[in-house]
Amino acid sequence: MSRDIRIQDTLTGEERPLEPRDPGKVGIYACGPTVYAPVHVGNARPYVVFSLFKRFLEHEGYDVTFVANVTDVNDKIYDAARAAGVPSEQLAREMTARYRSDTDGLKLGRPDAEPLASETIAPIIELIGDLIDSGHAYVAGGDVYFDVGAFPEYGRLSNRPREEMQQGEDDATSLKHHPQDFALWKAHKEGEDTAWDAPWGRGRPGWHIECSAMAEDILGLDFDVHGGGSDLIFPHHENEIAQTEAARNEQLARLWMHNGMLQFGDEKMSKSVGNIRTLSGALDEFGRDALVMYFVQGHYRQPIDFSEQALQAAARAVQRLRDFGRRSSPAHPEPEAIGPYHERFFEALADDFNTPAALAALWDWVNEGNRRLDAGEEVGAGEKLREMLWTLGLDNLLEADGAVDEEAQRLMEEREAARAAKDFATADARRDQLAELGWQVRDTPQGPQLVPLKT
């Protein structure tokens, strides 16, 4: 852990060093989806960013706990369930399972903890009670609201003028002391089919209090990195800071790390706007490897455009890595010359997790490796290359290209013999059998070669 890791901290606006609360350990909390519909590609960006950030930290020797919550109690879920004619609990359960299945398709592993709001009610009620007792919250009509006026530091994260801080809760304005106050607890209403008992009345939690309670419950206070999409800076993360600091008199997180949005043109990808591409659909169309490559080609803090052209370019980049993996071989030693590229790669990630700069170092090595191969030198695919690709979630490219088994080789040879004999029925049958094993045949100047199908 000798490398200095720096992150652009949204709260201070400065690049700050990662200084873990507990030496050798890092706790990350990244806000997950509200499960009222299948997740889209934009929802996948924070999942990918923080899953890969965890890998980088692990490479640097840290013991990392990555928490990504699921909001399964929310107005949007009630509305969607009502429209679908199903109980909200059923819809939330089905969409949670769908979210986990879809993100499993990214093959980056699961977060270490994935708490549900519905399973964190007791800590939520306790936190709200502490806010009421400290004078930072009040009960009104069975609801409980955070009193923004009682917390002078409110607004430090988003740096918005107080009068512009609209919470999107206009339906309850008449109950609030100030228009900027926000709901911690919402009284049970007719047509809402989930509710819990609390000292101030039966109801269910507001959105923001869920994450304050879940983060504290799993990671404790003053944990290391709080992440999520930049669209959550206000009001969600602003409110999390206010709730926790007002109740505990201690900061929630040391660093705030926000990823940019996916965009269609000038608009962010959003279910409410309707310009979405589901994650499952994108995985089916472009493949897992191209989608991961697409994400790491952009710096996490910047918005990135979603387009067919961008995904096709990512697919070409993936194929370029596959081709290099096929030309190099783990049977040969890895050249010492890869060392400076390897160092550049990880230094780039230490500098605000700059994946485009890290990729540039990787591509420079691929170019150098191909030059050496063209000159007849043996270039091994060894530990350093695998470390780089693993950190970006692309190490399977080497695994696939080094794993042509005898069965696949035999089927390819039979296919080529059938084609030469104009026995196209047998050739097509062997092609289909290869596809079932995950391979396709590519004709090259050096003859037919087996190439993995996109995954």
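How are H9 and H11 oriented to each other? In this predicted model, the axes of helix H9 (residues 308–327) and helix H11 (residues 355–374) cross at roughly 40° and come within 11 Å. Because angles under 35 degrees count as roughly parallel and those of 65 to 115 as roughly perpendicular, H9 and H11 are therefore oblique to each other. The crossing in which H9 passes H11 is left-handed.

On the side of H9, the contact is made by Ala317, Arg320, Leu321, Phe324 and Arg327, while H11 contributes Leu362, Trp363, Trp365, Val366, Asn367, Gly369, Asn370, Leu373 and Asp374. Divided by character, the residues of this contact comprise eight that are nonpolar, three that are polar and three that are charged.

A second part of the model is an open sheet of four strands, paired in parallel and arranged in the order S4-S3-S9-S10. Strands S4 and S10 stand at the edges with a single partner strand each, so one side of each is left without a neighbour in the sheet. From one strand to the next, the twist averages 20°.

Strand S9 runs parallel to S10 and is joined to it by six bridges; Phe223, for instance, has Ala253 as its bridge partner in S10. Helix H6 packs on the sheet, where it touches S9 and S10, and its direction makes about 160° with that of S9.

The residue ranges of three of the strands are listed here.

| Strand | Residues |
|---|---|
| S4 | 63–68 |
| S9 | 223–229 |
| S10 | 253–259 |

Methods. Residues are numbered from 1 along each chain as its sequence is written. This is a predicted model: local features need pLDDT of at least 70, side-chain atom pairs count only at pLDDT 80 or more; totals for chains, interfaces and linings use all residues. Side-chain values use heavy atoms; hydrogens and water are left out. Two strands pair if DSSP finds at least two bridges between them. Helices (H or I, at least four residues) and strands (E, at least two) are DSSP runs, numbered from the N terminus. Axes are lines fitted to C-alpha atoms, for helices over the stretch in contact, and angles run from 0 to 180 degrees between N-to-C directions. Contact means heavy atoms within 4.5 Å. Angles under 35 degrees count as roughly parallel, over 145 as roughly antiparallel, 65 to 115 as roughly perpendicular and the rest as oblique. A crossing is left-handed if the near helix is turned anticlockwise from the far one by less than a right angle, and right-handed if clockwise. Ala, Val, Leu, Ile, Met, Phe, Trp, Tyr, Cys and Pro count as nonpolar, Asp, Glu, Lys and Arg as charged, and the others, Gly among them, as polar.
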